[in-house]
Structures are given as structure tokens and as C-alpha cells.
Amino acid sequence: MNIELAKHIPISEILGKLNILPKKISKKEYCYLSPLRIEKTPSFFVNIQHNLWYDHGLGIGGDLISFGRYYLESRNEGHTTSDALRWIKNIYQYQYTPDISFIPEVQAENNQEEDSSLILKSKKSINHLGLIHYLEKRGIPLNLAKQFLKELHVQNKRTNKSFYALGFPNEEGGFELRNPFFKGCLRPKAISFIRGTTPKPDGIHLFEGFMDYLSVVSQLNGKRIKGDTIVLNSLSCIKQALPYIQNYGYRFYYTWFDNDNAGTKGSEILAEFLKAESSLKQVKMNKVYQAHKDVNAWHMQTLGL
């Protein structure tokens with residue numbers, strides 16, 4: 001564990017692994033009873049946007065490494081920077097409390113063997129603090145996320161490890177899975193179709209991933225897109241989208257693909273598939289977020305994240 005890596009670990013995650021839960025939650029801060037001393041009124045704050053803490057009773061604060069040093073000192077243990085880094089590594093990687101912790105998993109997108117080893121243990125509304133913090137970092141309001149996502153408890157049969165992730169349902173009963181450490185799917189892999197607010201709309205919107213779609217809805221202050229929407233969940237699912245587009249009376253299809261080679265290629269492939277639809281016009285939305293890799297990166301920038 002080095003200093004740079006430690007600074008990127010959410011302080012709220014470390015507190016969670018110590019079974020220290022917030023007493024109050026706001027958009028920018030979590031408020032706790034101080035883990036450094038005994039108190040009855042919560043005065044220990046964690047700024048989740050900047051990943052910094054401050055104990056108002058002691059008048060001290062800082063990053064995760066400084067917290068580790070003060071925490072170890074409060075327990076009469078060695079509290080050098082090296083001691084703090086070693087303690088953070090032990091807490092972060094090896095202590096696991098099922099109700100509040102993540103188990104890091106390797107990224108598994110487009111890896112059938114890895115994805116097929118995952119099984120669903122439970123599904124419920126989002127209340128895991130780590131997942132809430134992840135949504136906040138991506139600029140997605142919790143009340144919006146709860147309309148489209150579930151909190152899933154997933155087990156890897158191959159490793160016998162469990163972890164929590166956001167689950168976005170698709171049309172075949174599977175889920176796209178996301179948490180700060182994992183990007184994959186609970187098979188089967190398929191597209192997701194979302195009906196718009198306008199009956200028989202003249203347009204349909206296509207996104208690569210659900211974070212991009214939720215980013216646009218967030219930009220609309222939580223109002224759904226008027227036209228219908230397809231979230232591909234992978235550019236490899238483009239062919240699955242065609243039956244939802246062809247012969248349905250749409251006049252436009254709006255593509256919100258990434259500003260990279262894969263996104264450009266995906267847009268070209270889709271246009272090739274639909275070239276026989278003479279009444280259907282493609283509208284590339286990339287100009288909206290042209291300075292950014294994707295829609296979510298643009299959305300985060302508009303929020304100052």
C-alpha cells in the first residue's frame with residue numbers, strides 16, 4: 001500500500017469496515033460519532049467529495065493516512081505513516097463485514113467464463129453506503145438511481161467470495177453490475193429498453209451504458225427522456241437492438257456513444273444495419289459532450305465533481 005493509493009480509498013469505506021456508521025448523511029458529508037474519542041453528539045465529518053475528514057471536537061482533520069495515524073495513536077499503537085499505511089492495507093483488503101463491505105473483484109466485462117461464475121444471492125432497494133457513495137461520485141442522485149437500479153448481493157462460485165453491486169436489469173432477466181471495483185454482468189447479457197414519456201415518439205435514444213443514460217436524466221432534473229431509450233450495455237449487443245428500432249415508426253435515432261474509436265465504430269455499425277430504413281435518420285449527440293470521453297464524464301464535470 002502506497003500513499004497515492006491510500007488517498008483514493010474512501011474514508012467512509014474504512015469507517016464502515018470498523019463498524020462505524022454515519023449518524024447523518026447529506027449530499028456532501030457524512031457525520032459520525034468520533035472514532036478518536038468518546039462523545040454523545042456526532043461531530044466527526046467526512047467530506048465524501050474530497051475524501052477528507054475533520055473532528056470538530058479535537059480541531060484536527062486530513063486525509064485517510066492522517067486518520068490512520070490518529071486512530072492508531074488513540075489506541076496507543078505505533079502511528080507513523082508506515083504504520084498507518086500497513087493498517088489501512090490490512091483493514092481494506094482483509095477485513096470483511098458482509099453488511100457493509102465490498103470485496104474487490106477483477107473486471108469481467110466481455111469475459112464469459114468470469115461472468116458465468118456469478119450467482120445472485122439477494123436483491124433489494126439501494127441502502128449500502130458504499131454504493132450510495134459511488135453514485136454520488138458519478139453524479140447520480142439516489143432517488144433517481146432507485147427508480148432504475150437495485151442493490152444486488154452476488155457470489156462468485158469460482159472464488160466463493162461475495163460482493164455488493166448496483167444492478168441494472170436487462171430484457172432477458174440479467175443485470176449489469178457496477179461498484180467502484182467491478183464492472184461486469186450477471187448473465188444473460190442483453191440490452192435494456194426504457195419506454196419514453198411520449199406515446200408513439202418519433203425518436204429513440206441509444207446509450208452504451210446505464211451510467212450515461214442516468215446522467216442525461218439527471219441533467220433533466222430527474223425527468224425521463226420523451227423518446228424511447230435503449231441501453232446497449234455493450235456495443236456487442238447492437239444487433240439485439242435492431243428489432244426494437246426497425247418498423248416502429250421512429251423518424252430519428254439518437255446515439256450517445258463514447259468519444260473513442262469503439263464508440264465511433266459502434267455508431268458506424270448501427271448506421272450500416274439501419275441504412276435500409278430510409279425514413280430513419282441518425283442524430284449523433286457527441287457534440288453535447290465532445291470535450292469528454294463519455295456522457296457521464298461530461299455530467300460529472302458540469303457538477304464540478
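Start with the whole protein chain on screen: in this predicted model, residues 24 or more positions apart account for 61% of the contacts with a separation of 6 or more. The chain has 305 residues, of which 50% count as buried, and its C-alpha trace spans about 75 × 40 × 35 Å along the principal axes. If you colour by secondary structure, you should be able to count 11 helices and 15 strands.

Next, select residues 5-69, the stretch that an unreviewed UniProt entry annotates as "domain: Zinc finger CHC2-type". Over residues 5-69 the chain is 25% helix and 26% strand, and the C-alpha atoms at the two ends are 16 Å apart.

Move on to helix H6, residues 129-137, and show its side chains; the buried residues here are Gly 130, Leu 131, Ile 132, His 133, Tyr 134 and Leu 135. Just after H6, pick out Gly 139, which takes a positive phi of about 80 degrees.

Now turn to an open sheet of five strands, in which the order is E11-E13-E12-E14-E15 and the pairing is mixed. Select strand E11 (192-194) and strand E15 (281-284) to find the edges: each has a single partner strand, so one side of each is left without a neighbour in the sheet. On average, and with direction ignored, neighbouring strands of this sheet are turned by 20 degrees against each other.

Within this sheet, select strand E12 (residues 203-207) together with strand E14 (residues 252-256), which pair in the parallel sense over five bridges. Label His 205 as well, and you will find that His 205 stands opposite Tyr 254 in E14.

Add the helices that pack on these strands. Helix H9 (residues 238-245) lies across E11, E12 and strand E13 (228-231), and runs at about 170 degrees to E12. Helix H10 (residues 261-273) also packs on the sheet, where H10 touches E12, E14 and E15, and the direction of H10 makes about 165 degrees with that of E14.

The following stop is helix H8, which is mostly covered, with nine of its 10 residues buried. To see them, select Phe 210, Met 211, Asp 212, Tyr 213, Leu 214, Ser 215, Val 216, Val 217 and Ser 218. Just after H8, Asn 221 takes a positive phi of about 60 degrees.

Keep H8 (residues 210-219) in view and add helix H11 (residues 295-302): the two helices pack at an angle of about 35 degrees, their axes 8 Å apart, and their crossing is left-handed. For the contact itself, show Met 211, Asp 212, Ser 215, Val 216, Ser 218 and Gln 219 in H8, which meet Val 295, Asn 296, Trp 298, His 299 and Thr 302 in H11. Sorted by class, this contact of H8 with H11 has four nonpolar, six polar and one charged residues.

Finish by centring the view on Asn 296, which is found in helix H11. Is Asn 296 buried or exposed? Asn 296 has a relative accessible area of 2%, and it counts as buried because that value is under 20%. To see what surrounds this residue, leave aside its neighbours within four places in sequence and select Arg 138, Ile 140, Met 211, Asp 212 and Ser 215, with which Asn 296 is in contact. Of these, Met 211, Asp 212 and Ser 215 belong to the buried residues of H8.

Notes. Residues are numbered from 1 along each chain as its sequence is written. This is a predicted model: local features need pLDDT of at least 70, side-chain atom pairs count only at pLDDT 80 or more; totals for chains, interfaces and linings use all residues. Side-chain values use heavy atoms; hydrogens and water are left out. Axes are lines fitted to C-alpha atoms, for helices over the stretch in contact, and angles run from 0 to 180 degrees between N-to-C directions. Helices (H or I, at least four residues) and strands (E, at least two) are DSSP runs, numbered from the N terminus. A crossing is left-handed if the near helix is turned anticlockwise from the far one by less than a right angle, and right-handed if clockwise. Contact means heavy atoms within 4.5 Å. Ala, Val, Leu, Ile, Met, Phe, Trp, Tyr, Cys and Pro count as nonpolar, Asp, Glu, Lys and Arg as charged, and the others, Gly among them, as polar. UniProt positions are given in the numbering used here, feature names are shortened, and annotations may be inferred rather than shown by experiment. Buried means under 20% relative accessible area, exposed over 50%, partly exposed in between (1.4 Å probe, protein chains only). Two strands pair if DSSP finds at least two bridges between them.
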